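Please take a moment with the sequence and the structure that follow, and then let the paragraphs below lead you from one part to the next.

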Amino acid sequence: QVQLVESGGGLVQAGGSLRLSCAASGNFLGINDMGWYRQAPGKQRELVAGITNRDTTNYADSVKGRFTISRDNAKNSVYLQMNSLKPEDTGVYYCNIVVRTSILSTRVYWGQGTQVTVSS
């Protein structure tokens, strides 16, 4: 079993910054892709940023230039630095990881979600 613990959400004014963290623990061989998703009220969950195990990153167009995703493989952790926050960034942010459970198998896990609220 794998546990994900998220932290770093909160309330911030527009233009401010937050840093989200997500740490994985449990029984697995390694971690492939890691990412952050968000879900705004009344909307579907969407990908915000992703990072592969080769440090290739991708971002939603709406956050390019403002958000930066990174990972620390030694700590089994992924981070999301969010700058120049806008009210439309408000939502629940979920980390997502793909772990290797065996040489040929992977499994997806989700964090519990952390609320980010940006006031105007």
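A polar contact is a pair of N or O atoms within 3.5 Å, and within protein one of the two must be able to donate a hydrogen while the other must be able to accept it. With that in mind, and remembering that this is a predicted model, one can begin at serine 77, where a polar atom of the side chain lies 2.9 Å from the backbone oxygen of lysine 75. Serine 77 belongs to strand β8, and with a relative accessibility of 6% this serine counts as buried.

Strand β8, which covers residues 77–82, pairs with β7 in the antiparallel sense, and six bridges link the two. One of the bridge partnerships joins isoleucine 69 to leucine 80 in β8. The hairpin that β7 and β8 form has four residues between the strands, and in this hairpin asparagine 76 takes a positive phi near 50°.

Within β7 itself, which runs over residues 67–72, the side chains alternate between two faces. Phe67, Ile69 and Arg71 point to one face and are buried, whereas Thr68, Ser70 and Asp72 point to the other face and are not buried.

Beyond β8, in the loop that leads to β9, one comes to aspartate 89. The side chain of aspartate 89 reaches the backbone nitrogen of lysine 86 at a distance of 2.8 Å, and aspartate 89 counts as buried because its relative accessibility is 1%, where buried means under 20%.

The next stop is a covalent link: how many disulfides does a search of the whole structure find? The search finds one, and this disulfide joins cysteine 22 to cysteine 95, with the sulfur atoms 2.0 Å apart. Cysteine 22 lies in strand β3 (residues 18–26) and cysteine 95 in strand β9, so the pair ties together parts that are 73 residues apart in sequence. Both ends are buried, since cysteine 22 has a relative accessible area of 2% and cysteine 95 has one of 0%.

From β9 (91–100) a loop leads on to β10 (106–110), and leucine 104 is found in that loop. Is leucine 104 buried or exposed? With a relative accessible area of 81%, leucine 104 is exposed, because exposed means over 50%. Together with Leu29 and Ile103, Leu104 forms a nonpolar patch on the surface, and the three residues have about 430 Å² of accessible area together.

Key. Residues numbered from 1 in each chain as written. Predicted model: local features only at pLDDT ≥ 70, side-chain atom pairs only at ≥ 80, totals over all residues. Heavy atoms only, no water. Patch = residues over 30% accessible without salt bridge, like charges linked within 9 Å, V, L, I, M, F, W, Y side chains within 5 Å. Areas by Shrake-Rupley, 256 points an atom, 1.4 Å probe, with all protein chains shown as cover. Salt bridge = Lys/Arg side-chain N within 4 Å of Asp/Glu carboxyl O. Buried < 20%, exposed > 50% of the residue type's maximum accessible area, 1.4 Å probe, protein only. Pairing = 2+ DSSP bridges. Disulfide = S-S within 2.5 Å.
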